[in-house]
Amino acid sequence: MDPVRNPYAPGAGQRPPELAGRDAELDSFDVVLERISRGRPERSLVLLGLRGVGKTVLLNALRSAAVRRRWGTGKLEARPDTPLRRPLAAALHQAVRELSPANRDDANQVLGILKSFAMKEPASPVKGRTALRDRWQPGIDVPAVTGRADSGDIEIDLVELFSDIAGVAAGAGRGIAVFIDEMQDLLPEDVSALCAACHELGQQGLPLVVVGAGLPHIPAVLSASKSYSERLFKYVRIDRLDPGAAAQALRPPAQEEGADFTEEALAQMYEVTAGYPYFIQAYGKVTWDVAPRTPITVDDVKVAAPEAEAELAVGFFGSRYERATPSEREYLRAMAEVSADLPSSLSMGDAGVATSEIALLLGRKPQSLSPARDSLIKKGLIYSGERGRISFTVPHFGRYLRRQAAE
């Protein structure tokens, strides 16, 4: 069929033509926004899930919901070894600009505080970078206001900054929503500061909400920082789609272009994608291109599957595998081999394996493998859901590695 009219859109964080299976999360967030707008207490949110389940897409959809209510919004992506202060300042700057409070004096005051907050980032430990950081200026066109959110202690500063910005939002009769993607990559001191700031917001009933998204072990990351973190955030598990939602992701976009799937083809699509939103888009795009006519049949899906798998092997699986060092790849392959004989829960990716079994397979002491394991966790390729066990963050990554080894 005509590839120009292909409706499917596989891509990192790219919204699919039909956001299927997420109505409950969207409706729940509307309730959160309404309750906060009415001055009622609500917890901030954290979306949990494996790679490819659509966390970033949903995060963007939640942000759109806040924008429709004329809230101020800002978004950032956490990165390993990058302090939160500057990217958060940029996100909050955008949020205040979107808010457009009627009282310009209050807005300029809080922007001046935000400027001081941004400029207090510690100097880089990299030799020769200190002077460059000292000369850096945020793009905030008001004078810096000293004495507030500029102590240099991120926990103190973030509590003060959130309180002041939320106060301006309350005066405007609206709210602020901050969206943080890849939340598991926040530095420990920034996690602690974020928890403390959310705690203060809850106590004061201020209209500012944090919405994070990341890998399944975020609750452990947060609780390691603040023991009360499980009471600060509402954890929302984002998982693969059920067959009905998967069909909804495929069929209406095709029908918009005058095409359709047979019921057997939809069933086959679910079998090969296991309901993961990214896989649905990837297989859907290739299947559309190879199908000679509508309706798309089960044979079309079978013909397209090898090409879709080859594209995933390069762009989805291979790109991640290439980021690993030789010792880390050895660890990943051992994980895949150990998990081969275990039942795999598709809702959790490949079944978690004991780190002791990996060491036994490799003939090494568990302690000697810790650097490789810790580096893989930092790179977001694996996560530890419980002590002594490890899992892939990417659905079917173990299956990919076993197939690669067989070939």
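## Phe 29 and the nonpolar cores

In this predicted model, Phe 29 touches Leu 45, Leu 62, Ala 65, Phe 179 and Val 211, leaving out residues up to four places away in sequence. Phe 29 also belongs to the largest nonpolar core, which has 76 residues. It is listed there with Phe 261, Tyr 331, Leu 332, Ile 358 and Phe 397 as having the most contacts inside this core. Helix 13 (residues 298–322) supplies the largest share of the core, eight residues.

A second core, separate from that one, has 50 residues. Among its members are Leu 111, Ala 166, Ile 180 and Cys 195. In soluble globular proteins, nonpolar side chains tend to be buried together.

## Overall build

The secondary structure consists of 17 helices and eight strands. The radius of gyration is 23 Å, and the globule rule gives 22 Å for 407 residues; the two values are close, so the protein is as compact as a globular protein of that length. Taken along the principal axes, the box filled by the C-alpha atoms is roughly 65 × 60 × 40 Å.

Of the 407 residues, 49% are buried. The accessible surface comes to about 18600 Å², and carbon and sulfur atoms account for 49% of that area. Among contacts with a separation of 6 or more, 76% are between residues 24 or more positions apart.

## Aromatic pairs

The whole structure contains twelve aromatic pairs. One of them is formed by Tyr 8 and Trp 288, with ring centres 6.5 Å apart and planes at 70°. The pair is edge-to-face because the angle is over 60 degrees. Tyr 8 lies in the segment before helix 1 (23–37) and Trp 288 in helix 12, so this pair ties together parts that are 280 residues apart in sequence. Both partners are buried: Tyr 8 has a relative accessibility of 4%, and Trp 288 has a relative accessible area of 2%.

Phe 317 and Phe 397 form another pair, with ring centres 6.0 Å apart. Their planes are at 25°, so the pair counts as stacked, the cut-off being under 30 degrees. Phe 317 is in helix 13 and Phe 397 in helix 17 (residues 397–406), so that distant parts of the chain, 80 residues apart, are linked. Phe 317 is buried at 7% relative accessible area, and Phe 397 is buried at 0%.

## Aromatic cluster and charges over rings

Phe 317 and Phe 397 are also members of one aromatic cluster. Its other members are Tyr 276, Tyr 278, Phe 279, Phe 316, Phe 392 and Tyr 400. Phe 316 has a charged partner as well: Arg 320 lies over the face of its ring, at 4.7 Å from the ring centre. In another such arrangement, the charged end of Arg 329 sits over the ring of Tyr 321, 5.0 Å from the centre.

## Thr 287 in helix 12

Helix 12 (residues 277–290) holds Thr 287 as well as Trp 288. Thr 287 has 0% relative accessibility and therefore counts as buried, the cut-off being under 20%. Setting aside neighbours within four places in sequence, Thr 287 is in contact with Met 269, Ile 296, Asp 300, Val 301 and Ala 304.

Note on methods
Residues are numbered from 1 along each chain as its sequence is written. Side-chain values use heavy atoms; hydrogens and water are left out. Helices (H or I, at least four residues) and strands (E, at least two) are DSSP runs, numbered from the N terminus. Buried means under 20% relative accessible area, exposed over 50%, partly exposed in between (1.4 Å probe, protein chains only). Contact means heavy atoms within 4.5 Å. A nonpolar core is a set of buried Ala, Val, Leu, Ile, Met, Phe, Trp, Tyr and Cys residues joined through side-chain atoms within 4.5 Å. A charge sits over a ring if NZ of Lys or CZ of Arg is within 6 Å of the ring centre and within 35 degrees of the ring normal. The radius of gyration is taken over C-alpha atoms; the globule rule is 2.2 Å times the number of residues to the power 0.38. Accessible areas come from the Shrake-Rupley method with a 1.4 Å probe; for residues, only the protein chains shown count as cover.
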